[in-house]
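This briefing goes through one protein chain by topic, starting with a helix and what surrounds it. Please keep the sequence and the structure in view while reading.

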Amino acid sequence: MSAPGRQLEPAVCLLPLRGFLGATYIYAALQKFHDPAFLDPSAPGSFAAQTASFRHTSPIGFALGPAHDHALAFGLLIAFGELAVGLGTVLGLWTRLAAAGGVLLALTFFLTVSWNTDPYYYGSDLGFAFAFLTLGLAGPTRWSMDAWLAAGTVDTSEPEDSRRVVLKRAAATGITSGAALLGAAGAGRLGRSGRSKQSPMAQPRTAVPSATPSESGLQVALAAIPATGAARLTASGGDPVFVARTADGGYKACGGICTHAGCPVGVDQARGLLVCPCHGSTFDPKSGAVINGPAKDPLPSFPVTVADGVLRVRKN
Ligand code: FES
């Protein structure tokens, strides 16, 4: 029998995992704080628009009503949660609590954003859930703030010991407060910019016409359909429907729920494309065809009729 190879201690083995998971969750949180569209309910990729879509496509859709109705509070909760999990993971501070939060967030994303990803291993959220589970099972390791804090045992006869423990606790409190301030500053920036600025996808160069629901479906004046890109026919909050002019002078209507994992897509008028904010799939509004994946299937088409300068879309 050959001798077993030299084994590294778990603290070393888990460092790359801690670094990657922590950095990714911090990055994801800062992206949300920095993106003015995330909490803007009128933006296609906003938290409110995504939860509206996931209510139809997720197995926990029945429970998403409060998240949709209080999108600002839940959106901030998700962003702050990611920031706390990321910092706790990188620093090894309250390791098991951070790992439990990571599992909870990743499973929530798996059951909503990634639920319709096929095959399932194309979605990353389930992998994140198991990675956080591994950290939680391992618990605090040697190179962590948990270990550093635990190393201080108070001996009341040794004032030096007491001082050291107090200083460590103060340092941990300072780091936690700093993280909260960082997130609050991001949220403040978001609140300021979100009122005056929309993301490029939510700010098409051609004005998006308003929809007129009718018994036969949706309708829009032909003059309101841009020469390139597409016009959105449904109000924010509902499933989007887009119409575009085709190369042969006709019109095309397609649904705006991404066929990859069910996110509502938006219009990038500059590029003349429909773009999914979740994983970046792009679609041709003139045909609904996929231009770039991960989506594989085209957007659904709806029949249209034109009369008296008005285009009507029949959804069913
Ligand atoms: S939901 Fe994944 S690309 Fe649209």
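The buried residues of helix 5 are covered by elements that include helix 1, helix 2, helix 4, helix 6 and helix 7 (145-150). The model is a predicted one. The protein holds eight helices and twelve strands, and buried residues account for 45% of its 316 residues.

**Helix 5**

- The buried residues of helix 5 are T95, A98, A99, G101, G102, V103, L105, A106, F109, F110 and T112.
- The end C-alpha atoms of helix 5 are 26 Å apart, which agrees with the 26 Å that its 18 residues should span at 1.5 Å a residue.
- An α-helix has 3.6 residues a turn, so residues three or four places apart point the same way.

**Helix 6**

- Helix 6 has 14 residues, and the distance from its first C-alpha to its last is 20 Å, close to the 20 Å expected at 1.5 Å a residue.
- Buried positions in helix 6 are D125, L126, F128, A129, A131, F132, L135 and G136.
- Helix 1, helix 4 and helix 5 are what the buried residues of helix 6 pack against.
- G139, just after helix 6, takes a positive phi of about 75°.

**Nonpolar cores**

- The largest nonpolar core has 21 residues, of which L21, Y25, F47, L105, F128 and F132 touch the most other members.
- Two or more residues of this core come from each of helix 1 (10-34), helix 2 (47-57), helix 4 (71-91), helix 5 (95-112) and helix 6 (125-138).
- A second core, separate from this one, has 16 residues, including V113, C254, V267 and F283.
- Apart from neighbours within four places in sequence, the contacts of L21 are T89, F128, A131, F132 and L135.
- Among these partners of L21 are F128 and F132, which also belong to the set that touches the most other members of the largest core.

**A buried glutamate in helix 4**

- E82 is located in helix 4.
- E82 has a relative accessible area of 3%, so this residue counts as buried, the cut-off being under 20%.
- Not counting residues up to four places away in sequence, E82 touches Y25, I26, A28, A29, K32, L105 and F109.
- Among these partners of E82 are L105 and F109, and both are buried residues of helix 5.

**Annotated spans**

- The unreviewed UniProt entry lists residues 12-30, 71-90 and 97-115 under "transmembrane region".
- Residues 12-30 are 100% helix and 0% strand in the model, and the end C-alpha atoms of the span lie 28 Å apart.
- Residues 71-90 are likewise 100% helix and 0% strand, with 28 Å between the end C-alpha atoms.

**Strands and sheets**

- Four strands form an open sheet in the order 3-4-5-10, and their pairing is antiparallel.
- At the edges of this sheet are strand 3 (231-232) and strand 10 (301-302), each of which pairs on one side only.
- Within the sheet, five bridges link strand 4 (residues 241-245) and strand 5 (residues 251-255) in the antiparallel sense.
- V243 has A253 in strand 5 as its bridge partner.
- Strand 11 (residues 304-307) and strand 12 (residues 310-313) run antiparallel and are joined by four bridges.
- Opposite V304 stands V313, in strand 12.

**Positive phi outside glycine**

- Which phi does W94 have? Its value is near 50°, which is positive in a residue other than glycine.
- W94 sits in the loop between helix 4 and helix 5, and its relative accessibility of 48% makes W94 partly exposed.
- D308 also takes a positive phi, near 55°, as a residue other than glycine.
- The hairpin of strand 11 and strand 12, where D308 takes this phi, has two residues between the strands.
- Is D308 buried or exposed? With 80% relative accessibility, D308 counts as exposed, the cut-off being over 50%.

**Whole-chain figures**

- The exposed area of the protein is about 16,400 Å², of which carbon and sulfur atoms supply 62%.
- Of the contacts between residues at least 6 apart in sequence, 58% join residues at least 24 apart.

How values were computed. Residues numbered from 1 in each chain as written. Predicted model: local features only at pLDDT ≥ 70, side-chain atom pairs only at ≥ 80, totals over all residues. Heavy atoms only, no water. Pairing = 2+ DSSP bridges. Core = buried A, V, L, I, M, F, W, Y, C linked by side-chain atoms within 4.5 Å. Buried < 20%, exposed > 50% of the residue type's maximum accessible area, 1.4 Å probe, protein only. Contact = heavy atoms within 4.5 Å. UniProt positions renumbered as here; feature names shortened; annotations may be inferred. Areas by Shrake-Rupley, 256 points an atom, 1.4 Å probe, with all protein chains shown as cover. Expected span 1.5 Å × (residues − 1).
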